[in-house]
Amino acid sequence: MMTPISMDNWSRKEIFDFFSPMSQPFFSVTFRQDVTNLYRFVKENDISFYYALTYLCTQAINGVEAFRYLLKDGQLFLSDGREPSFTDMHPDSERFHIVTMPCEGDIVSFCRAAREKSRAQTAFIDFSAEADDLIYLSCLPWVELTALTNERDFDKDDSIPRLAWGKYVEENGRKTLHISMELNHRFVDGVHVGKFHEALTELIEAL
């Protein structure tokens, strides 16, 4: 569900207006995330690390209001929650496909549902599932990711957060990886990245 918001009464309007004339209002940021407890949890529950982190990132994004604003036909909306749209690969294939699905249930049930949906999907993408209130997520598990940008049709109204991460590395008994975010500065600032990082860390440590 999306709730219409009056632009004139929006507390962010001055910042939004400042960045709106810019030809490229997007910014990228990458930070290190401790995933030690997540690794333990997925091994104990025999679920995918990738699907689990997708679930947690979606929960953390939706916990920060700024990430849920979007423009549609010039009208500002606040979404109740964004849904994950993530890349995946079939076993023994080098071709990826895009899976879009609700982030429902607990983390274990989501991971199992994601696995079933991905394995059953034969098309590259299901366009009927595409919407304005998504999160794009991807992973490069073959390399230690330090930064990333995404291809896009240039649209200054594009508010979809884009997240990616690489393989985790272990040091002093802790597993960490880098999470890269590409965001629209008209809607989101660095403080919101910090809130996302804090929320994600809390979710991981609560597993």
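This passage describes the salt bridges, one buried serine, and the cavities and pockets of a predicted model.

Charged pairs are taken up first. Side chains of opposite charge can pair when their charged atoms come close. The structure contains 10 salt bridges. One of them joins D34 to R174, with 3.1 Å between the closest N and O atoms. D34 belongs to strand β2 (residues 26-34) and R174 to strand β10 (residues 174-184), so this salt bridge ties together parts that lie 140 residues apart in sequence. Neither partner falls in the buried class: D34 has a relative accessibility of 23% and counts as partly exposed, and R174, at 38%, also counts as partly exposed.

A second salt bridge links D132 and K72, whose closest N and O atoms are 2.8 Å apart. Here D132 sits in the loop between α4 (107-120) and β7 (134-140), while K72 is part of strand β3 (residues 69-72), so the pair connects parts separated by 60 residues in sequence. D132 is partly exposed, its relative accessible area being 32%. K72 is likewise partly exposed, with a value of 36%.

A further salt bridge is formed by D158 and R162, and the distance between the closest N and O atoms is 2.9 Å. Both of these residues are buried. The pair also belongs to a network: salt bridges with shared partners join R152, D158, R162 and E182.

R162 appears again in the surroundings of S180, a residue with which R162 is in contact. S180 is located in strand β10. The relative accessible area of S180 is 2%, and the limit for a buried residue is under 20%, so S180 counts as buried. Its side chain reaches the backbone oxygen of L148 at a distance of 3.5 Å. When neighbours within four places in sequence are left aside, the residues in contact with S180 are V29, T30, L145, A147, L148, R162, L163 and A164. L148 therefore takes part both in the side-chain to backbone approach and in the list of contacts, and burial of S180 follows from its low accessible area.

Enclosed spaces are considered next. There are 2 cavities of 30 Å³ or more in the structure. The volume of the largest cavity is about 40 Å³. Its lining is made up of A66, F67, Y69, R82, S159, P161, L183, N184, F187 and V188. Sorted by class, these lining residues comprise 7 nonpolar, 2 polar and 1 charged.

The second largest cavity holds about 30 Å³ of space. Around this cavity stand I98, V99, T100, K117, Q121, I125, D126, A129 and E130. Strand β6 (residues 96-100) provides the largest share of this lining, namely 3 residues. The lining of the second largest cavity consists of 4 nonpolar, 2 polar and 3 charged residues.

Open spaces complete the description. The largest pocket contains about 1000 Å³ of space. A total of 40 residues line this pocket, and those nearest its centre are T87, F96, I98, L137 and S138. Two or more lining residues come from each of α3 (49-62), β5 (83-89), β6, β7 and β8 (162-166). In terms of class, the lining of the largest pocket has 23 nonpolar, 7 polar and 10 charged residues. I98 is named among the residues nearest the centre of the largest pocket and also in the lining of the second largest cavity.

The second largest pocket has a volume of about 210 Å³. It is lined by D46, I47, S48, Y50, Y51, D88, M89, C111, R112, R115, S118 and R119. At least two of these residues are supplied by each of α3, β5 and α4. The greatest contribution, 5 residues, is made by α4. The lining of the second largest pocket divides into 5 nonpolar, 2 polar and 5 charged residues.

Methods:
Residues are numbered from 1 along each chain as its sequence is written. This is a predicted model: local features need pLDDT of at least 70, side-chain atom pairs count only at pLDDT 80 or more; totals for chains, interfaces and linings use all residues. Side-chain values use heavy atoms; hydrogens and water are left out. A salt bridge is a side-chain nitrogen of Lys or Arg within 4 Å of a carboxyl oxygen of Asp or Glu. Helices (H or I, at least four residues) and strands (E, at least two) are DSSP runs, numbered from the N terminus. Buried means under 20% relative accessible area, exposed over 50%, partly exposed in between (1.4 Å probe, protein chains only). A polar contact is a pair of N or O atoms within 3.5 Å; within protein, one must be able to donate a hydrogen and the other to accept it, and residues adjacent in sequence count only if both atoms are side-chain atoms. Contact means heavy atoms within 4.5 Å. On a 1 Å grid over the protein atoms alone, a cavity is a set of points where a 1.4 Å probe fits but cannot get out, and a pocket is an open set with protein on both sides within 12 Å along at least five of seven lines; lining residues have an atom within 4 Å of a point. Grid points are joined across faces, edges and corners, and a volume is the space filled by probe spheres set on the points. Ala, Val, Leu, Ile, Met, Phe, Trp, Tyr, Cys and Pro count as nonpolar, Asp, Glu, Lys and Arg as charged, and the others, Gly among them, as polar.
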